[in-house]
Amino acid sequence: MAFLSTISGPSKGARHEIPPGEIIIGRHPECKVVVEVGAVSRHHAKIVRSDDAIQLEDLKSRNGTFVNGQLISGLHTLREGDQIRICEVEFSFHTGEQPGFMGPESSTGLLNDSGGSGFGVVLVDDDGSDADLESSSGQVEVQKDSSGVVRLDAGTDAKLRALLDISRSLGGQLVLDEVLPATLESLFRIFPQADRGFIVLETPDGKLVPRWAQNRSKSEEGTVRISRTIIRQVMNEGTPMISLDAASDERFEMSESIADFRIRSMICAPLIDSNGKAFGALQIDTMDQKNRFNAIDIDLLSSVATQAGVAIHNAKMHENALQQQAVEQDLRLANDVQHAFLPMSPPDVEGYEFHSFYRAAHHIGGDYFDYVDLGEGRVGIIVADVVGHGVAAAMYMAKLSAETRFCLASEPDPAKAIDKLNERMCSLPVEQFVTFLLLVLDPKEHTMTIVNAGHMPPIVLSPDGKLSEPGEEESGVPIAVMDGFEYERITVPIKPGDLAVLYTDGINEAMDINDEEFGMERVRAAVLAGGKPEVIGERILAEISDFAGNAPQFDDMCIVILGRNKT
């Protein structure tokens with residue numbers, strides 16, 4: 001069946017099948033494909049599957065839908081491998097099942113010398129069926145050595161002491177790259193017949209990666225292959241696997257990793273975290289046919305794997321915590337830098353008052369506002385919303401801010417200045433766009449000239465209590481969507497007592513715990529209640545706070561209000 005595979009965003013790796021009929025993609029929880037990103041519309045796009053084709057259609061979303069980097073309009077027929085982008089989330093479209101060799105499990109993981117092993121390790125897929133493999137300590141048969149040679153074995157006391165040593169040494173380790181080699185060193189003490197040891201861990205996206213490997217013989221080097229099939233089965237079943245004689249074991253007839261390296265006996269045990277979930281595996285093997293593993297060894301390796309699993313899981317959590325602390329610190333510094341980009345104070349224009357508010361949904365965001373001195377008393381007031389939020393949106397916003405000032409300084413006509421801004425942002429090798437609203441205040445003529453690039457128009461309140469939203473019909477496409485687009489401008493008078501409210505969609509789309517939006521009617525009502533710019537701004541924010549309750553802020557929020565004094 002055809003399906004979408006999520007390749008970036010909060011649900012990276014998720015697969016969504018496309019049945020006959022329609023499926024809706026959007027932020028609303030009732031959508032078939034839910035995309036929990038603030039810039040995504042509640043019902044953003046739909047996929048229609050018929051007997052003849054599978055087609056994608058944008059549902060008049062604010063930020064658009066892209067296929068292979070191109071903004072679509074109307075029904076767009078999807079083809080194998082098409083890349084679909086909705087805001088900051090990307091999907092790939094496939095017409096049927098992926099071939100086995102294309103799945104993530106078939107990728108090769110290589111551990112080079114710097115990883116601490118002395119040789120490379122490659123995971124390979126065996127040709128045998130998983131159903132042919134059996135793993136259970138209770139089903140193992142002990143085979144007596146027909147040659148009569150006594151196998152090399154560590155005594156019970158020595159093994160118990162080694163287990164205690166492992167418990168003590170691993171219990172105090174919090175650094176992953178110290179826990180892994182310590183685990184393998186311990187295995188070689190307990191199992192003197194072991195020639196090699198491996199630790200394979202699962203990455204957050206489900207891939208198996210060899211993290212540490214060790215040879216008993218330090219001089220032995222080369223690329224080593226181990227079976228991904230065996231590792232996967234041990235993890236899936238949560239039980240260890242032993243082969244007393246791998247060369248004659250029917251389960252491994254198709255295993256290249258067994259045949260190519262003359263493995264005579266092997267044991268593999270899962271690494272399990274405190275929640276009972278397998279996140280990797282330990283494997284040891286021997287090439288000495290006279291000193292194979294026996295049934296008792298599987299219990300010993302399981303004991304080691306249990307202790308090592310807890311230690312590795314704790315070390316990974318500690319490592320993640322340290323990384324998160326570093327990221328949090330960087331984000332706090334980035335927040336300080338971003339706020340330094342924003343105006344520190346409103347412009348000083350006789351007869352006018354200004355009020356502004358900005359708050360990112362996370363540490364940093366993609367909303368942006370600015371006041372730009374255009375000379376001869378004119379002031380450019382800008383409010384913009386970069387698609388998405390977070391680090392990428394904030395970096396794009398910084399570039400937008402610099403380019404905006406350059407274009408306004410080099411082109412006196414506001415519409416042509418935004419034409420130039422769009423051209424320069426389209427030339428960047430990134431797939432981002434921004435809704436943008438420019439209002440040029442001329443306090444001498446008492447007019448405001450509006451250029452709108454896909455943004456909400458300003459809400460203008462007159463002294464007689466009437467609301468208007470000028471410039472909506474003249475609005476163009478967002479910045480960086482269509483190179484060469486020519487924007488329109490509209491000039492309207494500002495009478496004494498008039499005020500204009502500029503805002504981003506984090507205001508009207510603020511949500512409560514039931515996923516209901518604050519909505520434009522509530523925004524207009526808060527403006528209609530009147531007052532000075534600061535009073536209106538604080539009223540809007542207070543009503544949003546009361547409405548949202550304990551719901552977290554979902555999107556960046558920005559308001560700029562200017563008003564002409566009555567006298």
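The largest cavity is lined by Thr 6, Ser 8, Gly 9, Pro 10, Ser 11, His 16, Val 33, Val 34, Val 35, Glu 36, Val 89 and Phe 91, and I should say at once that what we are looking at is a predicted model. If you would like to find that lining by element, the ones that give two or more residues to it are strand E1, residues 3-8, strand E4, residues 33-34, and strand E11, residues 89-94. Sorted by class, the lining of the largest cavity has six nonpolar residues, five polar ones and one charged one. The space inside the largest cavity comes to about 70 Å³, and the structure as a whole holds four cavities of 30 Å³ or more.

Let me turn now to helix packing, beginning with H6 and H7. Helix H6, which covers residues 391-410, packs with helix H7, residues 414-426, at an angle of about 140°, and their axes are 9 Å apart. Because angles over 145 degrees would count as roughly antiparallel, that value makes H6 oblique to H7. Which residues of H6 and H7 make the contact? From H6 they are Tyr 396, Lys 399, Leu 400, Glu 403, Thr 404, Phe 406, Cys 407, Leu 408 and Ser 410, and from H7 they are Ala 417, Lys 420, Leu 421, Arg 424 and Met 425. In terms of class, the contact of H6 with H7 consists of eight nonpolar, two polar and four charged residues. As for handedness, H6 passes H7 in a right-handed crossing.

The next pair is H9 and H10. Helix H9, residues 520-528, and helix H10, residues 533-548, pack at an angle of about 140°, with 9 Å between their axes, and H9 is therefore oblique to H10. The crossing of H9 and H10 is right-handed. On the H9 side, the contact is made by Arg 522, Ala 526 and Val 527, while H10 brings Ile 536, Arg 539, Ile 540, Glu 543 and Phe 547. When the residues of the contact of H9 with H10 are divided by class, there are five nonpolar and three charged, with no polar residue.

Finally, a word on a single residue, Ile 490, which is found in strand E26, residues 489-493. Setting aside residues up to four places away in sequence, Ile 490 touches Met 448, Thr 449, Ile 450, Gly 471 and Glu 474. How far apart are Ile 490 and Leu 439 in sequence and in space? Ile 490 and Leu 439 are 51 residues apart in sequence, and from C-alpha to C-alpha they are 9.7 Å apart in space.

Note on methods
Residues numbered from 1 in each chain as written. Predicted model: local features only at pLDDT ≥ 70, side-chain atom pairs only at ≥ 80, totals over all residues. Heavy atoms only, no water. Axes fitted to C-alpha atoms, helices over the stretch in contact; angles between N-to-C directions. Helix = DSSP H or I, 4+ residues; strand = E, 2+ residues; numbered from the N terminus. Parallel < 35°, antiparallel > 145°, perpendicular 65-115°, else oblique. Left-handed = near helix turned anticlockwise from the far one by under 90°. Contact = heavy atoms within 4.5 Å. Nonpolar A, V, L, I, M, F, W, Y, C, P; charged D, E, K, R; others polar. 1 Å grid on protein atoms, 1.4 Å probe; cavity = no way out; pocket = protein on both sides within 12 Å on 5 of 7 lines; lining within 4 Å. Points joined across faces, edges and corners; volume = space filled by probe spheres on them.
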